[in-house]
Amino acid sequence: MSDSLSNSSSEVYLSDPMSGDEEGVRTEDDYEYGDAPEGNVNDAPEDARNTTGSGLPKLPPRPRPASQTRNAAVTAAVPQNTQQQQEGAVEESPKVAKIRKQVQGFRTDIYRAALRLRYPTRSTMIQQVMFRLGMAEKIHLESQQQQGDVEGRAQAEAERLEVLGEPLDFSCKVLVLGMAGVGKTATLHNLLGIEPLSGYHPTDSVQILRGEVNGIGVTFIDTPGLNPGPSCQADNLKILHAAKRAFQKHKPHAVLYMDRMDVTRRDQADVAVMRSISDVFGPDIWFSTMLTLTHGGSPPPDGANGQPIPQESYETQRSNQVQQVIRLVTGDQRLINPSCPVENSPNCPKTEDGEPVLPNGTPWRRQLLMLCLTTMVLNEANTALKPGDVGKKKKKAMMNPYAGMKMPPIGWLLSRLVDFRGPRKAPEDEREIPMQDEINRMSGDEKAAALRKKRIFLKQKAEEARSGEAAVPILAPPPQLGPTFDSDVSSHHFNVLEDPTSVLVRPIVGEGGIDHQDGVDTIHIEKQGVLRPRGQYLGGVPCLAYCQLTKDKDQFACQSQVEGSYFHTSGWASTMEVNGQTIGRDVLYTSRAETRLKTGKRNKLTAGMIVSKLGEDYSHPFKNSTIAYGMKIDDRIKITPNAKLRTSIGRVYCKAAGMMDHGTAAAADLRLRPDGDPSTRLLIGGSAVFQKRDTTIGGNIATEFRLPKLSGRGGKSDTIVSANSSYNNKGNGTIATRINSHDYPQLALAMIIPVVKALWDGIISGENDF
């Protein structure tokens, strides 16, 4: 969705239904003339739920003299002549004129819908929609301005068509998501005028509700409720994937996310639910989502002074809480979603014509329906006013260009693209043998010595192969088990012998383990070697293949990678890598290729590319899905024998649903190593990531050195000190220090600091959590 029509802080948003400007909704004088037809509900098809009902309460007709009707028709005819004169004065291409006519039709449809729903046409919501349509029209039609009062002409045309009783080809499809038990189905029944069911009847499958409200077709995709908590994640994913299939079939224009007004989750359990929605539908689904808070008539809680807080403040506070969770999930702090409280209780106050109203007097059904219709119009206008596509064949309007399609993580791809990684190297004993191009550049004596060393090495390897001697197994390193109070430590269970030339299988202890358990939740499988023909003992392709499998009661995760490097010459090497990892129920397939060329004695230039595809619901990479690709260039300069400078820049493009997203990343670091001290290292680096909606710039400093010996007689001890710090423009930073020592037992006294702090917080300050 283009920036001019998205819910961004730089634009004008749909108004809050509880704002003070909406007071006109409750006054009879604000209703425009024209009796709205009686609402009814058509019989649904066989694949949908039966939605036959009594319809909305009939809006009482208001008497109007016949002269008013004639005056309305005459008034509507005058602006048409004015428009024809103005169009003749301004020469526009047929393509631009066609787009302007389509946008003008959007304005007319909004006014006609407002007249039929008896919604005030001078309300803040409609005025802001008209303003956004006008701004988008000016931006995307190359700043060509429409002459005259386009809104006035649209309203006059809407009044004329309603007086003549012309049919309204205007319908809306809405996907409904939300927590279980909040009243999603009851709200939809209330909107469509269906008699409510007695008792609690949870929705157990995705169902389609179709009907008409005052001649406006409305289709709702009702879904089962989602449950908070980690144990319900698998069930939630099944529900969301079923909803996504209905989404792809019916292509809704907007989304309603429902939650209760009177329920606040202090454990942030709804964060996992919203993340699951983003994983299945993509994060851009929230840009066309409206918040609906049921039980809007519930009494507000007491404030700090012991008195109930005002109803408007309570509604604003509750909607802001849900909005903050959505911003946390999307990572966009500028996102603003319109909200509307609803009340389905049979004891809800009603107007004289039977329209339910909130405690502040707002008829919420009209408000919610207008929110759905205006969101649909803005999304269709976004498709019609797509920049650079004027006159091209438009695709069918949807709620969002990226809706229903997930995007590969561009930020992760950028960081992986510009990461400094060298080619895989051959075994250490083979590295001592110079390559053929190096031997050719040697002088006579050096060349003869190098060839003699190479022949001896090949003869030795051939004898080892004929003897058939296997590699000596070695003891595998034990896993780092967590601390425990049990007397029988189970670490001996992992004492096994490994063959370095075969496949290695090792357990990995996960974080957050509990006592009396080893905490192993991941298995690491790895194989290293060199691909080359049998009987060849030099050259080939050094490669690495590994796979990590994680499984618990709630989720399954897999990460695998195959990487190999080929050395064309001593100064030219190419690397190929294929990576696959799960993201929820999706699989991200990534391929990376790089080639590094030594262009001088102190310079190495690398060019690379990356291609990634996202397979949804454990699908293979050849299925039609979103694709991301990018390229990079990095340079490594050896300034001095102890100082190396590395710089890299890359760009990634992502294509989905005919739209393109992109990002750019740059990274640089300086590695220093003092003379005469190989154990001391210093790294100073920085990086920047520029994406469509975000820019992140950060820096880091890392060092590692050995402490001098405790005796003071010179030399270095076995105590290694590592420290690093990082900070970015988002205000996030870390400082970490690690000391590994066998020479300074006094360093253990540093544990006094966290112990004293725990005693202070738990005893003196009274902040004990037990």
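Colleague: How does aspartate 499 count when judged by its relative accessibility?

Modeller: Aspartate 499 counts as partly exposed, because its relative accessibility is 26%. A residue is called buried under 20% and exposed over 50%, so a value in between is partly exposed. Keep in mind that this is a predicted model.

Colleague: Where is aspartate 499 placed, and what is it in contact with?

Modeller: Aspartate 499 is in the loop that links β8 (497-498) to β9 (504-509). If neighbours within four places in sequence are set aside, aspartate 499 is in contact with Ala471 and Leu504. Sequence distance and spatial distance should be read separately. Aspartate 499 is 24 residues from leucine 475 in sequence, and their C-alpha atoms are 9.0 Å apart in space.

Colleague: How much of the protein is joined across long stretches of sequence, and how much is buried?

Modeller: Take contacts between residues at least 6 apart in sequence; of these, 62% join residues at least 24 apart. Of the 770 residues in the protein, 40% are buried. The protein has 14 helices and 22 strands.

Colleague: How do I read the burial of a whole helix, such as α5?

Modeller: Count its buried residues. Helix α5 covers residues 184-192, and 8 of these 9 residues are buried, so the helix is largely enclosed by the rest of the structure. The buried residues are Lys184, Thr185, Thr187, Leu188, His189, Asn190, Leu191 and Leu192.

Colleague: What covers the buried residues of α5?

Modeller: The cover includes the strands β1 (171-178), β2 (207-213), β3 (216-222), β4 (254-260) and β5, together with helix α9. Just after α5 comes glycine 193, with a positive phi of about 75 degrees.

Colleague: β5 is part of that cover. Which residue of β5 could I look at?

Modeller: Take threonine 289, which lies in β5 (residues 289-294). Threonine 289 counts as buried because its relative accessibility is 2%. Apart from neighbours within four places in sequence, threonine 289 is in contact with Val255, Tyr257, Asn337 and Pro338.

Colleague: Which residues other than glycine have a positive phi?

Modeller: Two examples are asparagine 214 and histidine 295. Asparagine 214 has a phi of about 55 degrees and sits in the loop between β2 and β3. Histidine 295 has a phi near 55 degrees and lies in the loop between β5 and α8 (311-330).

Colleague: Are asparagine 214 and histidine 295 buried or exposed?

Modeller: Asparagine 214 is buried, with a relative accessible area of 4%. Histidine 295 is partly exposed, with a relative accessible area of 28%.

Colleague: Now for helix pairs. At what angle do α2 and α9 pack?

Modeller: α2 and α9 (residues 364-384) pack at about 180 degrees, and their axes are 11 Å apart. Angles over 145 degrees count as roughly antiparallel, and α2 and α9 are therefore roughly antiparallel to each other.

Colleague: Which residues of α2 and α9 meet?

Modeller: From α2 there are Ile99, Gln102, Phe106, Ile110, Ala113 and Ala114; from α9 there are Met370, Leu373, Thr374, Val377, Glu380, Ala381 and Ala384. By type, this contact has 10 nonpolar residues, 2 polar and 1 charged.

Colleague: How do α2 and α4 cross?

Modeller: The axes of α2 (residues 94-116) and α4 (residues 150-164) come within 8 Å and cross at roughly 50 degrees. α2 and α4 are therefore oblique to each other. Their crossing is right-handed. On the α2 side the contact includes Gln104, Arg107 and Tyr111, and on the α4 side it includes Val150, Glu151 and Leu161. The residues of this contact divide into 6 nonpolar, 3 polar and 8 charged.

Colleague: One last topic is cysteines. How many disulfides are there?

Modeller: A disulfide is a covalent bond between the sulfur atoms of two cysteines. The rule used here asks for two cysteine sulfur atoms within 2.5 Å. By this rule the count is 0 disulfides. Cysteine 558 is in no disulfide: the nearest cysteine sulfur belongs to cysteine 547 and is 3.8 Å away. As for burial, cysteine 348 is buried, with a relative accessible area of 7%.

Technical notes:
Residues are numbered from 1 along each chain as its sequence is written. This is a predicted model: local features need pLDDT of at least 70, side-chain atom pairs count only at pLDDT 80 or more; totals for chains, interfaces and linings use all residues. Side-chain values use heavy atoms; hydrogens and water are left out. Buried means under 20% relative accessible area, exposed over 50%, partly exposed in between (1.4 Å probe, protein chains only). Axes are lines fitted to C-alpha atoms, for helices over the stretch in contact, and angles run from 0 to 180 degrees between N-to-C directions. Helices (H or I, at least four residues) and strands (E, at least two) are DSSP runs, numbered from the N terminus. Angles under 35 degrees count as roughly parallel, over 145 as roughly antiparallel, 65 to 115 as roughly perpendicular and the rest as oblique. A crossing is left-handed if the near helix is turned anticlockwise from the far one by less than a right angle, and right-handed if clockwise. Contact means heavy atoms within 4.5 Å. Ala, Val, Leu, Ile, Met, Phe, Trp, Tyr, Cys and Pro count as nonpolar, Asp, Glu, Lys and Arg as charged, and the others, Gly among them, as polar.
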